[in-house]
Each structure stands twice: as structure tokens, then as C-alpha cells.
Amino acid sequence: MTAEPISPTSGALRHRGGWWSGDRAFRTTTLACGGLVLAVLAAIALFLVVQALPAFRADSTSFWTTRTWQPDATPAVFGIAAVAFGSLLSSAIALLLAFPVAVGVALFITEMAPRRVANLLGYLTDALAAVPSVVFGLWGLYWLVPRLTPLQQWLADHLGFIPLFSAPQGVPSPSRSIFAVSIVLAIMILPIIAAMSRETIRQVDPQIKEAALGLGATRWEVVRTAVLPVSRAGLFGAVILGLGRALGETIAVALVLGISFDVNAHLLVPGKNTIAANIATQFGEAGSTGRAALIASGLVLFAMTMVVSLLARWMLGREARRRGASR
Amino acid sequence: MALAGAVAVTACGSNNNTGNGGTVAATGSASGSCSAAQLTGGGSSFQAPMEQAWSASFLSNCPQVHVNYNSVGSGAGIQQFGQGTVDFAGSDVTMKPDEQRTADNRCGGAPAIHLPVTAGGVAVAYNLPDVKNLRLTAATVAGIFQGTITRWNDPVLAADNPGATLPNIPIVVFHRSDGSGTTAVFSAYLKAAAASSWKLGSDKTLNWPVGQGAKGNEGVSAGVNQTKGGITYTEQAFAEQHKLTTALIKNAGGSFVPLTSANVSRALETAQLSGTGNDLKATIDYKPAAADAYPISTVSYVIVCSHYPSSFGADKVAALKSYLDYAVGAGQQTAAQLGFAPLPPAMATKDRAAIAAVNAS
Amino acid sequence: MTGPVASGLRAAPGWRETRRRVTDRAFRAALLLAFLAAVAPLLLVLGYTVYRGASHLSAAFLTHSMAGVPPSSAGGGIYHAIVGTVEMVLLSSLISVPVGLLAALYLTEFGRGWLPRSIRFFVDVMTGIPSIVAGLFVYAFLVLGLHRGYSGFAGALALAVLQLPVVIRASEDMLNLVPDALREASYALGIPQWRTVLSVVLPTSAAGLTTGVMLAVARVTGETAPLLLTSFDNTFINNNPFSGPQSALSVFIYNSAQQAYAPAVDRAWAAALTLIVLVIALYAGARILARRSALRQR
């Protein structure tokens, strides 16, 4: 390899002059992969839009406000109100439950546990991601829901004045509710968020932490002032991956939830539905309009992920994304 | 390292299950060609256990014919048959006109035909430990599943069940959350037998006013198993597996009939075969009058081309014909033990004639 | 001089100091609780799977297919499903990891402009894709469009579509954690960008990238819906992923668990246990590899 003279320009972050063939090949390859990814994803999006169009034409009522799902009947009556609401509700609760626990686990492993044990603990939390969703669904259905019902009844009895926990007709036994489904979803997305958070927190510059410690900060204060603020980007990425998983989970929700096409905020009683579970349960027997309608609901799911992601990016983008430099 | 592992993994498995649960002796011999072929079929989950049992025992007749049946759902099965990705479809309901057109196209212009291959009944299963032989009429069933009858000690139920102590607990209805041929049959029965009291129509998905949706026969059966006072409609085999009691249903002759394989066959004796030529679409009589006819009975179809284009392959057509001939012939003997019913002999004879007429370019 | 530091220098603890200590203790307790809350479900789910499936595992079970065994009978095995899962996940990772990593490198190394922003946007949207959609896409283009029919390769493509957004998202975040100072130092020495990436950026983020790859693998080993449309299912062993339908552990579990016959359900749980052990073994292997390459650097 020829020795390269150190010149001022070669220290620039972006190579202005002197493109090495290696660099050109690197840029071309990565650009090609990036372009390929974009092409594939855009093709999928286009494919879905084309497949979904017949549904919009066939729908005799408003797609956005109708709750029932009868796309193959004459006339076709279907809408995403119920399923979209259920998707949002179950994913929001799952994220609310999983995020603090996941970050807590990540902090525990990186900050509190002794080094040798930390690896083992990391493996333990990763193992949860090895469990297939159908197993979560079956475990939820047969083991968790019957045991969760007393808790749900207790909540309804004692906190029933809050509309979320009220159960006008009582909590059935067992209760295959959104509450139970959200817990199963939370368990499923926990390893994703925990793994990403762990990597992010592990990469925090130790000098900043030591500086804080040297100033007499307690562990909690170190985390609060030195670790969490700079980890925001990575934690956001973890949340997005977890949210995607929660929104797109089909089998576990389809097996555990007692499905109905209602829109209400009663978390503890069976009922409601999600977009992904609806797709999973209806697809096999759907006719051509039915399939188109299900794909249309999938597009709505994308829109949801898009909105959340854009919102979060906008909030994050207002601060420097990483310590070191802004890009 | 991973590649080495993968290579090692591919080196040590076997398809030979004799002595490991595989059927050693065939239940009868098949006629027809046994040349090597791989057949894929997809569709109804109702007939899936029979298809898989046939594919397993047919191996003893023709070890080179590999039949793979996947229960993707009747709708998907018909779609994939129309697109040519599966060789035959399984369906609980006959094709709609646009589906028929697509299927005929796939067959190169020749009509796609329905062949009834198995039969079964839909059980009304419930969870009341102290009530052994619950008697239900079509009207009561309609009332329960539409939410007009809400408690087990309702006078209407008590009137039909004079000897039983019906508890004063709510009726918890479970219905299918997924599209289902079982729902279609159940609702078709109610539409015919309960007439104006049944307002939800007949389809694979209904707009249920009450009850919880659960996925699959497994889901509804498990739900009823877990819930005291639960009731649902499901396949006989699932009711047995979850140890659910099934109700006696009143038929048009006035008798309350339990669900047994023989009672299903009896009910299907009055089914009419409509459809032109070898297209054997059955019109089920949901109001059979015979004393031991179980009214919620149905057949399930296999959809094939009456004439396959040459690209399909003559070997495959021959293998398909042997397989189906076996299925509607000797294969019917395993129906009862799996929770199905054998086809009425007259129907089976017509089936074999239609199968024999299938050919290729 | 007032404030927490000043009060820390005094001998007798004031109320502020006590409050800080209490908060810290509460924090540590909360972390421990979080950890237990994470481990408990794992033990419960694994325990239940072992309880339902362990007694049905055997050497015969792992080395035979379901050929000739009807679902209502005991016997048979999952060898055909193991082969299918291993081959499909391997193929899909071989496709999605290099492409995804290179795409992530494009985003981090050349990150400004409309193209990177569009890629990031689509990747974020696609993290929420219901898995059946990926299957539909590959079915329409490969199985149907190109008349290739069902195959393990089609299944692998569908899985790769699901893995790509995860790989890109995770890798981009991990690559972004590498401090620019390291890159600048490398450039200051005259090392070209591609060499910097190879010798500085990638090894530094190796542990994180491995985690991302593992998340992507975990994402797909349990997928059923896309495989039903692409690799279909097979009761026989098919060692060739490029031709003919192939079974997979996830499809096997899904189909068997919902059958009416107890032997089928038992097989489903035994297969579930096998799948979990398989994935954990993959994890262990990946982590060992990553640790070894990181040790060489540190």
C-alpha cells in the first residue's frame, strides 16, 4: 500500500479532494444498498396501495368511522375505527409498561451489576426475544389470562371510578381484555427495547460519568444528569423498534384477545380488536374485497408508525443528536 | 461456523416413520398410477385433518406421491388455486361466480369442479358441569347467539329441559373472530331452521351483537372450557379434546339428536347434488326429518380442474386422481375416529366417477 | 457556597443530603425491581414451555419428519421443520444483514440529502409492517409473478424484508454512537474513509451491531404468516431451499398447536422448546464471536 502524505485536506470529515478508488467503491456500494432498500420498501408501499384501492371503491360507508368489518357482504360495510383504536390503545399501554422496565433493566445491567454477572444478565433478557410469538399467544391464553383475572377484578372493584378501569357488566372470568393483551405485548417488546437501551447506555462516555461522580453525585444523579440525556437518540430508536413490534404483532393478540368491534376505554373487559390481529384472523377466509380491505387497514398501520416516528424525530432533532459533533 | 452447522443438520434426518407413528398398512388399496409426484393443496381448515390423514396413509400405497395440504383458509385456498400456485383447493363453501371464473381460467377454460370429500357436524358445546344432555332448538340457539336469551335459567331453556337444573348464571357466548367455514355452516343452519328469528344472515364472518371472538376452533373451545356458563359452536373433534359437553339439537322431525358420525351421515342422505355434469355442489338440507339426523351437518369440498392444461403434467394429474380416488374411497374409513363422518355412498360413487373423468391435455 | 456539593462536605448530613440518599436508594431498588420484572416472565414462559413440551422431546422426534404420520397419531418428528428454519433464517440473514449494514453505513457516513432522509423515513415506517404483508409482497412477485412456486428461498426473502428495517435502524443507532473524534483522528492520519470504517468504526460498534443482528434474527424465527404464503409447508424433508415447499418450526408450531388432537398439540410444544433453544444457541454463538473480535481490538 502506498504511503499517503498527511495533508490538511485529508483530515476533513468529508473528502473534498482526492477520491481514492477504495472510497469511491465504498460510496457506490453503500449508496447502492441504500438505494436498493429504498426501492424495495417503496415497491412494497406501492404494491399495497394498488392492492388496497378496490376496497376504497367498494366501501359503501365511511372507511374512517365505521366500526364493523363486513367487506365481503353485499353491501360491503367496513371501517377501521375499531381496529385502529385498539392498535393504538394496546401499543400505547404496552410501551408505557415496557419502556420503564426495559430502561431499568438496561441501567441495572450497565450501572449496578458486577461485570461478570452483567453479561449473564444480558443473556437472560435477550433470551426473552427467542420465544416465538405463537408461544406467547398460547401461554397468554392458557396460563396468564386466568391468573390475571383476579387482579383485573380487584382493579375494577377498587379503581372502578376511573373510566379506564370501570366494568359496567362486571369482569368475566377469565377476562381476555386489552389489559391482558398489553401485558403480553409488553413482555414481547421488552427484550428489544432493553437490548437497544443497554447498548446505548453502555456507550456513554465514562469520563462524563466519572466527572459527575467526582462532584459527589449519587448513582441516581449520575444517571439523571450524565447518562440519560445523552442517550436520548438511542432510546428513541429502541422505542420505535418496540412500537413497531407492538403494532405489527398478529398471532399473540389474535390468540389472547376476546375480540369484538367496539370502541371504548374499558381496559379490563374482553373486547376491541387491533389492525394486525384483524388481518391475521380474517385473511385466510377473505374474498377479494376482504383482502383489499385488510391491506387498506395495513396502510393505516403504516401511517400510524409514520406519524409517531416523525413526531419523535422532530422532538429529538431539536437537540444535538450526539455528543461530539452535529451531523 | 453457521454454514457447517447447517450442512451437518441436513445430513441426519429421515422420512421413514414406520415404527415412529407412521401408518404401516394402508386401509385398502388404491387404483391408478403411482408415479412420483409432488402435490400441493390448500384451503379449508375444517377438512385439514382428513387431508393430512389421507396423505399419510396414501404413502403406503404410493410412496412416491407426496401430498402437502396446508390449512390457509378456504378463501385463500380458492385464490391460490385460481392463481395456479396450488394444485387443488379445499373449501367448505362453493365458489362465488367471480371465483369460479378465475378458477375456470386457471384450468385453461375447462370448468373447475367441486368434489365433496368429507363430512362433519358442527357441535354446540357448553360448560355446565351439572347439565349433561342439554336440549336446544334452532330458535333457542338463535336467541342465545344473538343475545336475546342471556341467562341459563331462562324459561325458554327450562321448557325444553324439564329434568335439568339450569343455574342462574349468565350465558357467555364465544364466536369465531376469524373468518370460518364453520361459522358459515352454523349460520346457514340457523337461517334455514330458525327462519325469521335469525337476523345475522349466513356468511363466514358475521356482525355478532354479543359475545367474545376467539381465534379458531381451538380458541372458542378453550374459551368455553375456561368459562363456566360458556357456549360456542365448534367442530366435534375440538369439543372432545377440550372435554366439552355437546348439546342435542332438535331437527325438523322433532327429535333431539346428539352429534355423532352416524347422525351426520344420516342427515346428509337428503342432500341434493346440484351443479352441472361432474361439478358436485351439494345443497344441504338443514331441516332433515329422520329421527336420528343431526341437522347442523355439512360436506367439505376439494376443488380441481375437470381438465388440466398440459403444463400441469400428466404424471401429476394421474397422481392427483389416485389420491382423490383413495380419499373418497378407502380413505372414508378413518373419518369417524377423527371426528368426521363418511360420505353417503351415493355421493361417494358420483365423486369417483367425476374423479375418473379428470384428465389432462 | 451552597448546594448539594457543599452540604456533602459537611460532617453532619442535612435534610438535602438525606433526601439524595433516599432517592438513590429508591432508584437502586427500582432498578432491581425492573430487572426482576423482566426476568419473571421469561422464567414463566420458558417454564410453561418446558412443562408442556419437554416430555415429548426425543432423538427420534428430532431426526424424523411427519411423513406418514397423521396428526391424530403420536410419533413423527420435526426434522423437516428444523432444516427449513435453519436454512431460511440463514439465507434471510445473509441477505438482510450485509445489505442493511451497508445501507446503515450509507446513512451514517453520507447522511445528508433527500436520499438518506427518504430511506430513514421508509425504514421507520416499515418497522411496523404486519408480517403477512411481507409474505404477500414476495408471493405476488416471486411465487406468482415469476412463476417460481413455493420455496424456502421465497420464505427467506419475505423474512429478509422483515429483518431489513430492524437491521438498518439498530445499526444506524449503533454506528452513530461511535464518537466523531475517532473518525477525525483516523482521517487526520490520512486513512481513507472506507478504511476508517473497516478498522475503526465497525470494530468499535461490533458489540452493538451484533445485538442489532440478533434482534433481527429473533424478529423472524417465530414468524408464521409470511411463510404460509411463500414457503407453504411440507410434511416431508426438503433440503433444497430453492425448489419446492419447505416446512419451518414456526409454521409447524402454529399449525399443530391449533389441532384438535392431543398428540399434535404435544408436538407443537416440543417444537416450541426446540425453537427457543435453537435461537438461544444462535445468540450465544453470536455473542462469543463478537466478544472475540472486540477483544482483539481492545
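Trainee: How many residues of strand β4 (residues 112-126) of chain B are buried?

Mentor: This is a predicted model, where local features need pLDDT of at least 70 and side-chain atom pairs pLDDT 80 or more, while totals for chains, interfaces and linings use all residues. Residues are numbered from 1 along each chain as its sequence is written, with chains lettered from A and ligands numbered from 1 in the order written. A residue counts as buried with 20 or more other C-beta atoms, placed from the backbone, within 10 Å of its own, and strands are DSSP runs (E, at least two residues) numbered from the N terminus. β4(B) is largely enclosed by the rest of the structure, because the buried share of its 15 residues is 15.

Trainee: Nice! Which strand does β4(B) join through nine bridges?

Mentor: Strands pair if DSSP finds at least two bridges between them. β4(B) pairs in the antiparallel sense with β8 (residues 230-235) of chain B over five bridges, with Val124(B) partnered by Tyr233(B). Two bridges join β4(B) to β9 (residues 245-246) of chain B, also antiparallel, and there Ala125(B) has Thr246(B) as its partner. The nine bridges, again antiparallel, lead to strand β14 (residues 297-305) of chain B.

Trainee: And which residue of β14(B) stands opposite Ile113(B)?

Mentor: Look along the antiparallel pairing of β4(B) and β14(B). Opposite Ile113(B) you will find Val304(B).

Trainee: What is the radius of gyration of chain B?

Mentor: Chain B holds 12 helices (DSSP runs of H or I, at least four residues) and 16 strands. The globule rule (2.2 Å times the number of residues to the power 0.38) gives 21 Å for 361 residues, and chain B comes close to that, so it is as compact as a globular protein of that length. Taken over C-alpha atoms, its radius of gyration is 22 Å.

Trainee: At what angle do helices α3 (residues 74-83) and α4 (residues 97-106) of chain B pack?

Mentor: The axes, lines fitted to C-alpha atoms over the stretch in contact, are 7 Å apart. Residues in contact (C-beta atoms, placed from the backbone, within 7 Å) include Phe81(B) of α3(B) and Thr102(B) of α4(B). On a scale from 0 to 180 degrees between N-to-C directions, the angle is about 35 degrees.

Trainee: Last one: which helix of chain A gives the most to the side that touches chain C?

Mentor: That contact takes 89 residues from chain A and 89 residues from chain C. With 18 residues, the helix giving the most on the chain A side is α1 (residues 21-58).

Note on methods
Contact = placed C-beta atoms within 7 Å. Buried ≥ 20, exposed ≤ 12 C-beta atoms within 10 Å, placed from the backbone.
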